[in-house]
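Subject: Structure handover

Hi,

Here is the structure I promised to pass on to you. My notes on what turned up in it follow below.

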Amino acid sequence: MDLLRFITAGSVDDGKSTLIGRLLYDSKNILIDQLEALEKSTRNRSDGSVDLALLTDGLRAEREQGITIDVAYRYFNTPRRKFIIADAPGHVQYTRNMITGASNASLIIILIDARLGVVEQTRRHSIIASLLRIKHVVVAVNKMDLVEFSQDVFNNIVIDYNGVAAQLGLKNITYIPMSALDGDNIVDKSRRISWYTGKPLLEFLEEVQLDEDVNLTDPRFQVQFVIRPQTGELHDYRGYAGKVISGIYKKGDRVTVLPQGIETTIASVESAGKEVEEVFAPQGAVLQLADDIDISRGDSIVKSDNLPQVSNELEVLLCWLDDKPLMTGNKYLLQHNSRLVRAIVKQVEYKIDVNTLQQQPVEGNVKLNEVVKATIKTATPLVYDSYEKLSEYGSAILVDETSNSTVAAVLIK
Amino acid sequence: MNNSYHLNYLEQLESESIHIFREVAAQFEKPALLFSGGKDSITLVHLARKAFAPGKIPFPLVHIDTGHNFPEALDFRDALVNQLGATLVVRKVQDTIRQRNLTEPKGKFPSRNWLQTYTLLDTIEEFGFDCCIGGARRDEEKARAKERIFSVRDEFGQWNPKLQRPELWNIYNGKIHKGENVRVFPISNWTELDIWNYIRRENIDLPSIYFAHERKVIQHEGQLVAISEFVQPDEQDIVMTKKVRYRTVGDMTCTAAVESTAETLEEVINEIIATRISERGETRIDDKVTEAAMEDRKKNGYF
């Protein structure tokens, strides 16, 4: 059994909450007391049916205002897979919330209302999916019951969306016609959409190939914490604890510590206090090195025959996430996994229109939810790969030192 | 790709949790692990041990003791701390009630759950903890479903759902101002069943009350509550001896038992898989008070 993290993009009107509710309900991941609570809150509906959308409602403030404040995480499993859904609201602050939810997702479900087809919001969600390079895309053409399950309607949406996807470079797209409200093609194959020969949504989610999503060829390891027990037989022990971001590490590997640029050999690989043969992404590990080198948190240990980039000037895409606008020339802290460096946003070149993907000149400051191309200078060199090559080693955040807020998502070019 | 380079879902969850523990140890000056003696905090301790081996867990275990504990859970706690060589800090709600002249909830099942917050905040201040690691899971409750893994609290311990920091990729921003603290939830993405499957896989010891045993109980609104020095039967109560186990371990006053014959881990897991009632719904008497009970408690500094 493995794990799939996915995000659902769409607004309440597209039937997103109903879709999630349906997935949980039909896969029997809703329990009796939760259902009772649900029935209690829908008792005044005229037709007596249960409103599955309410299953995903969170806080009282949200129920009172009928809006979603933040990303909510839902969990369900089938005998084949465990699923983590990042349920991001589709309206206000959608970029900020969607990026938060999408940053860890390997699949996105983009909901399209069959009556409306590809709309502006579909394009926005798709652009974010392409910026973040989400590996798998499911286009859920929902509310097919309202277009009489028309194959023509579906086919036209497929043609339209293929155009968007081609422009954005999105790959691995699967189209599924469905009615979340009635459960068509969610868990079971719909008899009312007999012309559709593909899998229902859940079956697709259970079977989509994930193994190739892990990079095992470019070994990257960043030190999180130095373990130095300094007691008894472990008096001279010094182990570098961290997570294998990508690749495989073995005892005897020639490695280079960066940004210092010092070469050494892996003396031992440990996991949970025991020596192991090798470790691979995304396992946690403790590495011991043959030579005594001054290494601290945030330093990278990489294979000497496969080096990442090292630079203190970065070309980046910035997604601005804070209410306070970006001021060019301001200093921020840049956090690249466990490495924290001071950084200046030197220059903002252009803004990306998240509706058309076109480059536009930036007038004034960069505001919340805007995506810009910028140059960042760091006080000490950063060790990284491009986001395109290795997303987990090419991503960072900016932190405002005065508010301590996370103000930007950084995708390194 | 070679299939041996593949992590199953439990291994992926474990790796994520260990990563979070190491971030906590590195980012904070004085973290603490909130330990209740329940299966979730026992799992946390197990993960922390793995994260820092062969070193010791580099922070103390803190028990906010309501005084309404299951004796089995306390014995287990002391044995575990002893075995780990860890530091244990115990602060008692009873003392806070006395020192601060607080009013105890009345009634037959007087829950000190709410009062725990006062003791917790005092303890944070006493030791200057800048981070408290907790065993909350997002599948437990809808307010929890929206909380970040690194959850910043103000000096009153309050959670503000509208001002959460974006939490991107696996990058955790633990920067805070003086007086603030961060609650960190390393097992946010685990479900109840994940915890049980992991306990089985890792062979983790649990207090005996998690397994079926005979106990004198009374029935209260369909739930079974154990007779103890804290819960005494009324005249109308019928005291029964039933074979029960606990699905969660909280206070004796507000944790209900479930009827069960499951004496082994395997049997417990089978029962959990078969059950159609959620963990909190089945066992927590205090969550039923209002629909937003947890949201309210969190906003006021609760875990």
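Let me begin with a side chain on chain A: with a relative accessibility of 42%, A:Arg80 counts as partly exposed. Please keep in mind throughout that this is a predicted model.

A:Arg80 has a salt-bridge partner in A:Glu207, with 3.3 Å from N to O. The two come from distant parts of the chain: A:Arg80 sits in the loop between β2 (72–77) and β3 (81–87) of chain A, while A:Glu207 belongs to helix α7 (residues 201–207), 127 residues apart. A:Glu207 is likewise classed as partly exposed, at 30% relative accessibility.

A second pair on chain A is A:Arg192 with A:Asp182, whose side chains meet in a salt bridge at 2.9 Å, N to O. Both residues lie in the loop between β6 (173–177) and α7 of chain A, so this salt bridge ties together parts that are ten residues apart in sequence. A:Arg192 is partly exposed at 41% relative accessible area, and A:Asp182 is partly exposed at 40%.

The third pair is A:Arg339 and A:Asp299, where the closest N and O atoms are 3.3 Å apart. Distant parts of the chain are linked here too: A:Arg339 is in strand β18 (residues 339–352) of chain A, and A:Asp299 is in the loop between β14 (284–289) and β15 (300–303), 40 residues apart. Are these two buried or exposed? Both A:Arg339 and A:Asp299 are buried.

Over on chain B, salt bridges with shared partners connect B:Glu11, B:Glu14, B:Lys50, B:Arg201 and B:Glu202 into one network. Over all chains, the search of the whole structure finds 49 salt bridges.

Next, the interface. Chain A contributes 78 residues to the contact and chain B contributes 62 residues. Between them the two chains bury about 6,100 Å², with 57% of that on carbon and sulfur atoms. How many salt bridges are there between chain A and chain B? The count is three. B:Asp194 forms a salt bridge with A:Lys82, and the closest N and O atoms of that pair are 2.3 Å apart.

You may also like to look at A:Tyr196, which is placed in the loop between β6 and α7 of chain A. A:Tyr196 has a relative accessible area of 9%, so this residue counts as buried, the cut-off being under 20%. Setting aside neighbours within four places in sequence, A:Tyr196 is in contact with A:Tyr175, A:Ile176, A:Pro177, A:Asn185 and A:Lys189. One of these, A:Asn185, is eleven residues from A:Tyr196 in sequence, and the C-alpha atoms of the two are 9.4 Å apart in space.

Among the helices, I looked at α5 of chain A, which covers residues 120–131. This helix has twelve residues and spans 17 Å from its first C-alpha to its last, close to the 16 Å expected at 1.5 Å a residue. Ten of the twelve residues of α5(A) are buried, so the helix is largely enclosed by the rest of the structure. The buried residues are A:Gln121, A:Thr122, A:Arg124, A:His125, A:Ser126, A:Ile127, A:Ile128, A:Ala129, A:Ser130 and A:Leu131. After α5(A) comes A:Arg133, which has a positive phi, near 55°.

Finally, strand β2 of chain B (residues 61–65) is mostly covered, with five of its five residues buried. Both of its faces are covered: B:Leu61, B:His63 and B:Asp65 are buried on one side, and B:Val62 and B:Ile64 on the other.

β2(B) has a parallel partner in strand β1 (residues 31–34) of chain B, to which two bridges join it. B:Leu34 has B:Val62 in β2(B) as its bridge partner. To get from β1(B) to β2(B), the chain passes through helix α2 (residues 39–52) of chain B in a right-handed β-α-β crossover.

Strand β3 (residues 88–92) of chain B also runs parallel to β2(B), and five bridges join the two. In this pairing, B:Leu61 stands opposite B:Leu88 in β3(B). The chain goes from β2(B) to β3(B) through helix α3 (residues 71–84) of chain B, and this β-α-β crossover is right-handed.

Happy browsing, and all the best!

Methods:
Residues are numbered from 1 along each chain as its sequence is written. Chains are lettered from A and ligands numbered from 1 in the order in which they are written. This is a predicted model: local features need pLDDT of at least 70, side-chain atom pairs count only at pLDDT 80 or more; totals for chains, interfaces and linings use all residues. Side-chain values use heavy atoms; hydrogens and water are left out. Helices (H or I, at least four residues) and strands (E, at least two) are DSSP runs, numbered from the N terminus. The expected span of a helix is 1.5 Å times one less than its number of residues. Buried means under 20% relative accessible area, exposed over 50%, partly exposed in between (1.4 Å probe, protein chains only). Two strands pair if DSSP finds at least two bridges between them. A crossover is right-handed if, with the strands pointing away from the viewer, the path from the first strand over the helix to the second runs clockwise. A salt bridge is a side-chain nitrogen of Lys or Arg within 4 Å of a carboxyl oxygen of Asp or Glu. Contact means heavy atoms within 4.5 Å. Buried area is the accessible area (1.4 Å probe) that two parts lose on being put together, summed over both.
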